[in-house]
Structure formats: structure tokens, C-alpha cells
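Subject: Structure handover

Hi there,

Here is the structure I promised to pass on to you. Please have a look at it first, and then read on for my notes.

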There are 2 protein chains.
Amino acid sequence: MVTLRVRIILDDDTLLGPGKVALLEAVAATGSISAAGRSLDMTFRRAWELIEQLNVAFHQPLVEGHSGGRAGGGAVLTPFGREVVQHYRAVEAKAQAAALPHLEALAAAIRPPTS
Amino acid sequence: MVTLRVRIILDDDTLLGPGKVALLEAVAATGSISAAGRSLDMTFRRAWELIEQLNVAFHQPLVEGHSGGRAGGGAVLTPFGREVVQHYRAVEAKAQAAALPHLEALAAAIRPPTS
């Protein structure tokens, strides 16, 4: 199956691609940047940097931290962060659908993997 | 302006993205892998490897070398190579068009670059 991988160029320095979107989704699922990073084999520092790039690129934060409480701090995907994820997933699906005839033509011309 | 960058995943090992497509177009324009590579700030070895990856991934070659003659050898984009380039450029344009409302929504939410 021939598929697309889509990156959105927000500005010269900031891309929104499958890795960052998976990280945002993992923050929503785990409630923590470190747990989200871990689930994607990413250091806390790397996960934090990627999220910070996005938080700085937009007018509003996508992820907000909250400290203290029983859980000892954590992070949430904001409603705006959720919108950005939805935009990316919609772009991915619509791009794939629009490209389908071309992807099928390419798939028919590919040499099947040996083994 | 928020734009898309599209990579086509041909198989686990082979991607077709803007770099390889620009290289194929440069081969067509220059008639030579080394000149094409040079025009994209790429070593001959790197340009040759990228083209070889594609030639191996498909049933037919995208670029064929010819040696000798007055020009002392060179390379051409085959009709099939031209088709692959056209598929990629069509995917890029259709994906961008399909994604447009989402890209516009993201553009409206981006912080303008400082400076």
C-alpha cells in the first residue's frame, strides 16, 4: 500500500508532522509530557522542546502544564491543541483521498519487496 | 502562507519526496546526474544513490545513463520517470487544494514572525 506522509509548514522554522501530532495525542491520552514522550520513545527534553515549538508558533498554547495536586503535576491538551490535531488529521485524510488515483498508479509500478 | 510538504511512502525503505523529485527534474533539465546534483548542492554520490533507490523500487528505471558521445556520458529521465514526477506534482497540488480550508484556519492562528 502506497501512502502519504504530510507535513504542514507553519513557518520557516516550524513543521507540524506526524511525530508532533502523535505527541499531542499522547499528551491528551496520558496527561503528562514525560509519559507522552516515553510512549513514543522520546526523552522528556525532546518532547518538551517539540511542544514548546508549537506553543510558541501559535497565538495560544496547545499544551498547558499544571503542577502540584495528587498527581504531582501534569499536562493537558488545550481545546485549541485539540483543534490543531483535528486539522492535521483532516488534512492527512483529505490529502490521501485526493491523491488516491496517483498513489494507486505508483503502487502498480512498484517492484514487490523481495523476501 | 501555510503550505504542505508531501512524501509518498513507496515502501518501508523508499520515500518519494520533494528532494528526489527536484533531483529527477534537474536530471531532465541538465542531462546529467552530476550536474543535477550540483544544482541542488548534492554530491554526485548522494544524487546517484537517491536515483538508484528509485530505480530499484520500481519495475522500470526512472533515469538511464548513457556513456560516451561528445558530451562524455550523461543521463536522461525516462518516459516512466517523467510519469512518476507528474504523479508526485499532481499529488502535491491536489493535497494542497484539499487541505486548503484547514491550512487557512491554521494560518489564522499562527503568531506572525518577529522581526
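Below is what was found in it, from the overall arrangement down to single side chains.

Please keep in mind that this is a predicted model. Its scores are ipTM 0.89 and pTM 0.89. For chain A the mean pLDDT is 92, with 91% of the residues at 70 or more. Where pLDDT is low, the predicted coordinates should not be read in detail.

Let's begin with the two chains. A turn of 180° with a shift of 0.0 Å along the axis lays chain A on chain B, at an RMSD of 0.0 Å. The two copies are therefore related as by a two-fold rotation axis. Both copies use the same surface, as 100% of the contact residues of chain A recur in chain B. If you want to find the axis on screen, go to A:A95: of the residues of chain A, its C-alpha comes closest, at 2.1 Å.

Next, the interior. The largest nonpolar core holds 70 residues, and those with the most contacts inside it are A:L4, A:I8, A:F58, B:L4, B:I8 and B:F58. B:L4 is a good one to click on: leaving aside neighbours within four places in sequence, its contacts include A:V6, A:I8 and A:V91 from chain A, and B:A95 and B:L103 from chain B.

Helix α3 of chain B (residues 44-57) is worth a look too. Its 14 residues should span 20 Å at 1.5 Å a residue, and the end C-alpha atoms are 20 Å apart, so the two agree. Among the buried residues of α3(B) are B:L50, B:I51 and B:L54. The elements covering the buried residues of this helix include β1, α1 and β3 of chain B.

Finally, the charged pairs. There are six salt bridges over all chains. One of them joins A:R89 to A:E25, with the closest N and O atoms 2.8 Å apart. This pair links distant parts of the chain, since A:R89 lies in helix α4 and A:E25 in helix α1, 64 residues apart. A:E25 and A:R89 also belong to a network of salt bridges with A:E92.

In α3 of chain B, the side chains of B:R45 and B:E49 form a salt bridge at 3.2 Å, N to O. Because they are four residues apart in that helix, about one helical turn separates them. B:R45 counts as exposed, at 62% relative accessibility, whereas B:E49 is partly exposed at 28%.

Enjoy exploring!

Best wishes

Notes:
Residues are numbered from 1 along each chain as its sequence is written. Chains are lettered from A and ligands numbered from 1 in the order in which they are written. This is a predicted model: local features need pLDDT of at least 70, side-chain atom pairs count only at pLDDT 80 or more; totals for chains, interfaces and linings use all residues. Side-chain values use heavy atoms; hydrogens and water are left out. Copies are superposed by least squares on the C-alpha atoms of residues with pLDDT of at least 70 in both. Contact means heavy atoms within 4.5 Å. pLDDT is the predictor's confidence in each residue, from 0 to 100. Helices (H or I, at least four residues) and strands (E, at least two) are DSSP runs, numbered from the N terminus. The expected span of a helix is 1.5 Å times one less than its number of residues. Buried means under 20% relative accessible area, exposed over 50%, partly exposed in between (1.4 Å probe, protein chains only). A nonpolar core is a set of buried Ala, Val, Leu, Ile, Met, Phe, Trp, Tyr and Cys residues joined through side-chain atoms within 4.5 Å. A salt bridge is a side-chain nitrogen of Lys or Arg within 4 Å of a carboxyl oxygen of Asp or Glu.
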